[in-house]
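Here is a set of questions and answers on one fold. Look at the model first, then read on.

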Amino acid sequence: MGRTYIVEETVGQYLSNISLQGKAFVSGLLIGQCSSQKDYVILATRTPPKEEQDESSKHSKAKLDNLDEEWATEHANQVSRMLPGGLLVLGVFIITTLEMGNEFQNTLHRLVFAVEKSMNKKRLWNFTDEEVSERVTLHFCSSTKKIFCRTYDIHNPKSSAKPADWKYQNGLSASWLSLECTVYINIHVPLSTTSVSYTLEKNTKNGLIHWAKQIENSIYLINGQVKDEDCDLLEGQKKSSRGNTQAINHSFDVRVLTQLLLNSDHRSTATVQICSGSVNLKGAVKCRAYIHSNKPKVKDAVQAMKRDILNTVADRCEILFEDLLLNEIPEKKDSEKEFHILPHRVFVPIPGSTVMLCDYKFGDESAEEIRDHFIEMLDHMIQIEDLEIAEEINTACVSSSMNTEASLDNTDDEPSKQPIKTTIVLKIQQNIGVIAAFAVAALAAGISFHYFSD
C-alpha cells in the first residue's frame with residue numbers, strides 16, 4: 001500500500017479552476033508537511049509562464065518536451081524561501097487535457113527529481129534517515145477531472161513510481177500548531193587569503209555550516225520546559241469526556257540554548273590563519289514553524305524550528321548577494337564605510353488556516369511590491385493589510401579596511417574541505433578592495449555584516 005496524502009479541499013478547487021487556455025499543459029508545486037503516517041498538502045501553486053513561452057506553448061503541437069525544468073526549479077527555489085519551518089515542497093503536479101500516459105509520467109519523474117536536487121543544494125541541513133524520502137507527482141486531467149497520484153523515492157533516482165492515495169479534507173490546517181522564537185546570533189566568518197578567488201557567497205555559506213552544527217546541537221525549551229523528544233507535543237492538554245482536546249494552545253514559545261562546552265572526547269586546536277578580512281553576522285531573527293495537530297511529537301516540532309532558523313539566515317544572505325549583483329554596487333575607496341539593509345521578514349496568512357507564509361522585504365520595497373511577489377510566486381490573492389512585518393529595519397555598518405589580518409580560529413582534528421571555486425556571479429579577485437565592495441549588510445532587526453581587518 002502506498003502513502004496517503006490528506007489534501008486541503010481548496011487545493012482541489014484550485015487545480016480544477018486552472019485554465020489551460022490552449023496550452024498543452026500547466027505545471028506547478030504541491031506544498032505541505034510530511035509525517036511518518038501520512039503527508040498533508042495545504043497549498044498548490046502553478047509555475048508562472050515565461051513570457052517567450054506564453055505564445056509558443058499555445059500551439060496545439062506543443063508537447064511536454066517543452067517543459068522548462070530550469071524555470072520550474074527556479075520557481076521551486078523561490079517558493080521554498082517563502083515556507084516557514086515545517087513546510088516543504090512535497091512534489092509537483094501537471095495538468096493536461098489528456099489522461100495518464102508514459103509521456104506524462106516520465107516528465108513528472110524528471111521534474112520531481114530536478115526540483116528536489118535544486119532545493120537540496122541550498123540547504124544547511126540534511127534529511128534524517130527516519131524521515132520520509134518519497135515525493136509526490138500528480139497528474140490532473142482537466143477534461144475528465146481524473147487524478148493520477150504517484151510517489152518516487154528521492155534517494156533513488158532509478159526508483160519506480162508507486163501508487164498513492166489522494167484524499168480531500170476541509171479545514172485541514174485550521175488547527176495546526178505554531179512555534180515562535182527569537183534567535184540571537186553572532187557568527188564570525190574569517191576570509192582566508194587563499195580563498196579570495198572564491199565568491200563571498202560561497203565563503204559565507206562555508207562559515208554558516210559550522211554555525212548550523214551549533215543550532216542542530218542546541219537545547220530547545222518549549223514554553224520554558226525541556227521535553228522528551230518522543231513525547232506528544234500536546235501532552236498535558238485537558239481533554240473532554242469524548243476525548244477531544246479542549247482549549248488547545250495553538251502557539252508555543254521556543255527558546256534556544258546553545259551549548260558552549262565541548263565533550264571531553266572532542267579534540268580542538270587553535271591555529272593562526274592569515275585572512276584578508278572577515279564577515280560578522282550579528283543580531284536577532286524572528287523564526288516560526290508549524291506542525292500538524294494529529295498527535296505531533298516534540299522532536300518533529302523542534303526539528304521544524306531548527307530548520308526555520310537555518311533557512312531564514314541562509315535565505316537572507318542569498319537574497320542580499322543577489323541584490324548586490326543586480327544593482328552592481330560600486331567599490332568604496334579609502335576604507336569608506338558602507339551601509340546596507342538586509343531584507344526583513346514579512347508574514348501573510350493562508351485563508352482558513354493557522355499557517356502563515358513568509359517573504360523578505362528590503363527597506364525601499366513597497367507593500368504593493370511584496371503583495372505582487374506573493375501573487376506571482378504563489379498564484380493566490382492576498383491583501384496588503386494582511387501583511388505582518390515581523391522585524392524592524394535597522395542599518396548596519398560595513399567597514400572595508402584594506403589590510404590583511406591574522407585570525408584565530410578553532411579547527412577540529414578533521415581537515416575542512418576546500419571550498420569549490422564557482423564561476424557564478426560575485427567575482428572576488430586577488431584585489432582585496434574588490435572583496436570589500438561585496439562584503440555586506442545586515443540581518444534584519446540588527447543583523448549586520450562587518451567587513452573588517454586589524
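The turns below go from the whole chain to sheets, helices and salt bridges.

This is a predicted model: local features need pLDDT of at least 70, side-chain atom pairs count only at pLDDT 80 or more, and totals for chains, interfaces and linings use all residues. Residues are numbered from 1 along each chain as its sequence is written, and side-chain values use heavy atoms, with hydrogens and water left out.

Q: How many helices and strands are in the protein?
A: Helices (H or I, at least four residues) and strands (E, at least two) are DSSP runs, numbered from the N terminus. By that rule the protein has 8 helices and 19 strands.

Q: What share of the residues counts as buried?
A: Buried means under 20% relative accessible area, exposed over 50%, and partly exposed in between, with a 1.4 Å probe and protein chains only. The protein has 454 residues, and the buried share is 49%.

Q: Among contacts between residues at least 6 apart in sequence, what share joins residues at least 24 apart?
A: Contact means heavy atoms within 4.5 Å. For the protein, the share joining residues at least 24 apart is 79%.

Q: In what order do the 8 strands of the open sheet lie?
A: Two strands pair if DSSP finds at least two bridges between them. The pairing in this sheet is mixed. Its edge strands, β7 (162–163) and β8 (165–169), each pair on one side only. The order is β7-β6-β5-β4-β2-β3-β1-β8.

Q: Which residue in β3 stands opposite V7?
A: Strands β1 (residues 4–8) and β3 (residues 39–46) run parallel and are joined by 3 bridges. Opposite V7 in β3 stands V41.

Q: What angle does helix α1 make with β3?
A: Helix α1 (residues 9–17) packs on the sheet and touches β1, β3, β4 (88–96), β5 (134–141) and β8. Axes are lines fitted to C-alpha atoms, for helices over the stretch in contact, and angles run from 0 to 180 degrees between N-to-C directions. The angle between α1 and β3 is about 30°.

Q: What arc do the buried residues V11, G12, Y14 and L15 cover around the axis of α1?
A: These four residues of α1 are buried. Their cover includes β1, β3, β4, β5 and β8. The arc is that of the directions from the helix axis to the C-beta atoms. V11, G12, Y14 and L15 lie on the same side of α1 because their arc is only 160°.

Q: Which strands does helix α3 lie across?
A: Helix α3 (residues 69–81) runs at about 30° to β2 (26–33). The strands it lies across are β2 and β3.

Q: How far apart in sequence are the parts tied together by E322 and R81?
A: A salt bridge is a side-chain nitrogen of Lys or Arg within 4 Å of a carboxyl oxygen of Asp or Glu. E322 and R81 form one, with the closest N and O atoms 2.7 Å apart. E322 lies in helix α6 (residues 298–327) and R81 in helix α3, so the pair ties together parts separated in sequence by 241 residues.

Q: Is R81 buried or exposed?
A: Its partner E322 is partly exposed at 32% relative accessibility. R81 has a relative accessibility of 9%, so R81 counts as buried.

Q: Which residues are linked with R81 in a network of salt bridges?
A: The protein's salt bridges come to 16. In the network, R81 is linked with K122, E318 and E322.

Q: Which helix holds E116, the salt-bridge partner of R135?
A: The closest N and O atoms of R135 and E116 are 3.5 Å apart. R135 is buried at 1% relative accessibility, and E116 is buried at 8%. R135 lies in strand β5, and the helix of E116 is α4.

Q: Which residue in β15 is the bridge partner of R345?
A: The open sheet β15-β14-β16 is antiparallel. R345 lies in strand β14 (residues 344–349), and 6 bridges join β14 to β15. The partner of R345 in β15 is Y360.

Q: With which residue does the side chain of R345 meet in a salt bridge?
A: The N to O distance is 2.7 Å. Both side-chain partners, R345 and D308, are buried. R345 meets D308.
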